[in-house]
Structures are given as structure tokens and as C-alpha cells.
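Visitor: I should like to go through this structure by way of questions. Please reason each answer through to the value or name requested.

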Amino acid sequence: MKRMKISTAFTLMESGPVVFVTTGDGEKHNIMTISWTMVVDFTPLFAITTGPWNYSYAALRKYRECVIAIPTVDLIDQVVGVGTCSGADTDKFAKFRLTPVKGTYVRPPLIKECLANIECRVIDIIRRHNIVVLEGVAAHLDRSRKEQRTIHAIGDGTFVVDGRKLDRRTMMRSKIPDGL
């Protein structure tokens, strides 16, 4: 094996899929692209990494709610575009032709063009590591969408697209929660 720079080791484990996170500051809605996400456990707990460098962070801290919207590969240009401009001076919904949809439990909107949307409440912010812990309160899935492949960031400006599914449900039956 060839040694690599430790500063680039995150590209070996970059999580996914890349998601949009919508927020609201009481006057306008915003979208940010986040690639550092994780499922915390089998309950609807999630975590994202963000901080004061993102315009949406102030709204997350103040209003303590958001929507995680999961885009598919056909939205790659919107994903990158949203992630490379600021909501401080850009209406990202208008610029990237994304449709806000009223949520059931939170004020920030769902994104109609996305495969899925998870309405969330902020339950903790771990400032030392810029981790925002979210509790999902409602989930929405568009099963009619033809494109369902999600995007995974490598961290260097390249992306991987979901591919073939490998079914090992029988082997893992004892580890899968009831109802899945």
C-alpha cells in the first residue's frame, strides 16, 4: 500500500448520501448542501456537521428545526450549485428551480424534486465538533420518482452514484428491526 496524506483520509470514509437541508429564519427559507451526515441509531436520530461558516447555521440554532431532503443523481447540478453559493444573498429555491412544499410539523419546507424529505427538530448542538443532532418527526418518500439513485460525495469535488443493490436480508434478519 502507498501512504497517503492524513489530511485527505476523510475521502476514504466520506459518508452519504449528499443531502439538502432546508431552514428558515422567520422571514425566508434557505437550502444548504451537506455531505457529512450520519444515522445515529435505529431510532429517527440523525446528525449533520455544519457550523457558523454556513448561513443556515444561525437559523438551525435559533429555530431548532429543519428538513433533510434527499436528492437523486438527476439533481447533481443543483446539489453542487446550492453548495457553492450563500443564502445570505441568493434565493436558492428560485435560482435552482426547486419547489418548496409545506411540511407537516416544521416550518422549513420540503423540496418537491427530492426523493425523500425528513422533517427534523434540533435536539443537540455539539459545538466543539460542529455536530447538529436531529430527531426526525415525519418522513416523506416519493415512490413514483423514476430516478432513485442517490449521490455520495468523495470530498474532492467528485461523486459516486448508488448502483446495484445487493440483498442479504435473510443473512441479517436477526439484526434488522421489526417492520423493515
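Guide: Please bear in mind that this is a predicted model. We may start with R107, which is exposed, with a relative accessible area of 55%.

Visitor: Which residue forms a salt bridge with R107?

Guide: The closest N and O atoms of the pair are 2.6 Å apart, and a salt bridge requires such atoms within 4 Å. R107 lies in the loop between β6 (100-101) and β7 (110-111) and its partner in strand β5, so the pair ties together parts that are 42 residues apart in sequence. That partner counts as buried, at 8% relative accessibility. The residue is E65.

Visitor: How many residues apart in sequence are the parts that R145 and D74 tie together?

Guide: The side chains of R145 and D74 meet in a salt bridge, at 3.0 Å from N to O. R145 is in the loop between β9 and β10 (151-153), whereas D74 is in the loop between β5 and α3. R145 is buried, with a relative accessible area of 14%, while D74 counts as partly exposed at 43%. The parts tied together are separated in sequence by 71 residues.

Visitor: How many salt bridges does a search of the whole structure find?

Guide: Besides the pairs of R107 with E65 and R145 with D74, E147 forms a salt bridge with R149, with closest N and O atoms 2.8 Å apart. R149 is partly exposed, its relative accessible area being 40%. For the whole structure, the number of salt bridges found is 3.

Visitor: Which element gives the most to the largest nonpolar core?

Guide: This core has 18 residues, and those with the most contacts inside it are V21, I48, I68, C120, V132 and L134. Among the elements that give two or more residues to the core are β1 (19-24), β4 (45-49), α2 (56-63) and β9 (131-141). With 5 residues, the element that gives the most is β8.

Visitor: How many residues make up the second, separate core?

Guide: In the largest core, I48 touches residues including V21, V132 and L134, residues up to four places away in sequence not being counted. The second core is separate and includes I31, A69, V79 and F93. Its number of residues is 16.

Visitor: Why is the sulfur of C120 not in a bond with the closest cysteine sulfur, and in which residue does that sulfur lie?

Guide: A disulfide requires sulfur atoms within 2.5 Å. The closest cysteine sulfur is 4.8 Å from that of C120, which is too far for a bond; the structure holds 0 disulfides. C120 counts as buried, at 0% relative accessibility. The closest cysteine sulfur belongs to C66.

Visitor: How far from C114 is the nearest cysteine sulfur?

Guide: C114 counts as buried, at 2% relative accessibility. C114 is in no disulfide, and the nearest cysteine sulfur is that of C66. The distance is 13 Å.

Visitor: With which residues is I76 in contact, leaving aside its neighbours within four places in sequence?

Guide: I76 lies in helix α3 and counts as partly exposed, at 25% relative accessibility. I76 and G155 are 79 residues apart in sequence and 14 Å apart in space, C-alpha to C-alpha. Outside its sequence neighbours within four places, I76 is in contact with I151 and F159.

Visitor: What is the area of the nonpolar surface patch made by M4, L12 and M13?

Guide: L12 lies in helix α1 (residues 10-13). At 63% relative accessibility, L12 counts as exposed. The patch made by L12 with M4 and M13 has an area of about 370 Å².

Terms used. Residues are numbered from 1 along each chain as its sequence is written. This is a predicted model: local features need pLDDT of at least 70, side-chain atom pairs count only at pLDDT 80 or more; totals for chains, interfaces and linings use all residues. Side-chain values use heavy atoms; hydrogens and water are left out. Patches are made of residues with over 30% relative accessible area and no salt bridge: like charges are joined within 9 Å, nonpolar side chains (Val, Leu, Ile, Met, Phe, Trp, Tyr) within 5 Å. Accessible areas come from the Shrake-Rupley method with a 1.4 Å probe; for residues, only the protein chains shown count as cover. Helices (H or I, at least four residues) and strands (E, at least two) are DSSP runs, numbered from the N terminus. Buried means under 20% relative accessible area, exposed over 50%, partly exposed in between (1.4 Å probe, protein chains only). A nonpolar core is a set of buried Ala, Val, Leu, Ile, Met, Phe, Trp, Tyr and Cys residues joined through side-chain atoms within 4.5 Å. Contact means heavy atoms within 4.5 Å.
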